[in-house]
Amino acid sequence: MERIEEYLEAIYDIQENERRIAKTGDLANILNVKPSSVTEMLIKLRDLGYVDYQPYKGAKLTRKGEEVAKKIKKYYLALLAFFRNFLEIDEEMASKLSCELEHHINEETFIRICQVIAGECEVCDTCVHEFLKLSEVADGEYVVVISPASLANVGITPGTKIRVVDENVETEKGVFKIDERLKKFVILSRF
């Protein structure tokens, strides 16, 4: 499936960026394969219902193919934002990792990544998730969505309710001052 997704994503990019049908030569150059391999794959993609393909004219995505391509693109962009903006990995390595992983994550993993990068990415037109970093919240009650395992000993674990008061965190285990470096790794939702 990974190879199919690469083709669909390449066709999608041509359609979106250049507003035209993807030609065999375009795909051969982008994917670094022989034109004959592209032709074989386009026939396979046509038979699977992912593309409308006409020899010597090119291919365009069907609705089914576009859905898959958009999903893969969304995963890539979320991973890129996570590696680049959250983990502060350099652009080249972030792009390489994102490209490799985009074919192996599922929707649940995507949502978890969104929880971490919410507000710091431009993956979706509107973010359907409202998540906050502990480092940025005002006083109030919250539910922990994601937290480092090292905070479990003070009662900060996914699913637990906490109260933030004067930059301190109140849990079932007491009131704690959390190191500023760890706060950005604690993701919360409103209670």
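**Exercise 1.** Is the crossing of α4 and α5 left-handed or right-handed? Describe the packing of this pair.

*Solution.*
Step 1. The structure is a predicted model. In it, the crossing of α4 and α5 is right-handed.
Step 2. Two packed helices are described by the angle between their axes and the distance between the axes. For α4 (residues 63-86) and α5 (residues 91-101), the angle is about 145° and the axes are 8 Å apart.
Step 3. On the α4 side the contact uses Y76, L79, L80, F83 and R84, and on the α5 side E91, A94, S95, L97, S98, C99 and L101.
Step 4. Sorted by class, the residues of this contact are eight nonpolar, two polar and two charged.

**Exercise 2.** Which residues of α4 and α6 make their contact? Begin with the geometry of the pair.

*Solution.*
Step 1. The axes of α4 and α6 cross at roughly 35° and come within 10 Å.
Step 2. The crossing of α4 with α6 is left-handed.
Step 3. From α4 the contact takes K74, Y75, A78, L79, A81, F82 and F86; from α6 it takes E107, F110, I113, V116 and I117.
Step 4. The class count for α4 with α6 is 10 nonpolar, no polar and two charged residues.

**Exercise 3.** Compare the span of α4 with the expected value, then look at what follows the helix.

*Solution.*
Step 1. α4 has 24 residues, which at 1.5 Å a residue should span 34 Å.
Step 2. The end C-alpha atoms of α4 are 33 Å apart, so the two values agree.
Step 3. After α4 comes E88, with a positive phi near 60°.

**Exercise 4.** At what angle do helix α2 and helix α3 pack? Classify the arrangement and give the contact.

*Solution.*
Step 1. Helix α2 (residues 24-31) packs on helix α3 (residues 35-47) at about 110°, and their axes are 9 Å apart.
Step 2. Angles of 65 to 115 degrees count as roughly perpendicular, so α2 is roughly perpendicular to α3.
Step 3. T24, L27 and A28 of α2 make the contact with P35, V38, T39 and L42 of α3.
Step 4. Five nonpolar and two polar residues take part in the contact of α2 with α3, and no charged ones.

**Exercise 5.** What is the order of the strands in the open sheet of six strands? Work from its edges to its pairings.

*Solution.*
Step 1. The order is β3-β8-β4-β5-β6-β7, and the pairing is antiparallel.
Step 2. The edge strands, β3 (132-133) and β7 (174-176), each pair on one side only.
Step 3. β3 and β8 run antiparallel and are joined by two bridges; here K133 has I187 as its bridge partner.
Step 4. β4 and β8 are also antiparallel, with four bridges. I187 of β8 is the bridge partner of I146.
Step 5. β4 (residues 140-146) pairs with β5 (residues 161-165) over four bridges in the antiparallel sense, and E141 has R163 of β5 as its bridge partner.
Step 6. Helix α6 (residues 107-117) lies across β3, β4 and β8 (187-190), and runs at about 135° to β4.

**Exercise 6.** How many residues lie between β1 and β2 in their hairpin? Describe the pairing too.

*Solution.*
Step 1. Three residues lie between the two strands.
Step 2. In the turn, Y56 has a positive phi of about 70°.
Step 3. β1 (residues 51-54) and β2 (residues 58-61) run antiparallel, joined by four bridges.
Step 4. L61 in β2 stands opposite V51.

Methods:
Residues numbered from 1 in each chain as written. Predicted model: local features only at pLDDT ≥ 70, side-chain atom pairs only at ≥ 80, totals over all residues. Heavy atoms only, no water. Axes fitted to C-alpha atoms, helices over the stretch in contact; angles between N-to-C directions. Parallel < 35°, antiparallel > 145°, perpendicular 65-115°, else oblique. Contact = heavy atoms within 4.5 Å. Nonpolar A, V, L, I, M, F, W, Y, C, P; charged D, E, K, R; others polar. Left-handed = near helix turned anticlockwise from the far one by under 90°. Expected span 1.5 Å × (residues − 1). Pairing = 2+ DSSP bridges.
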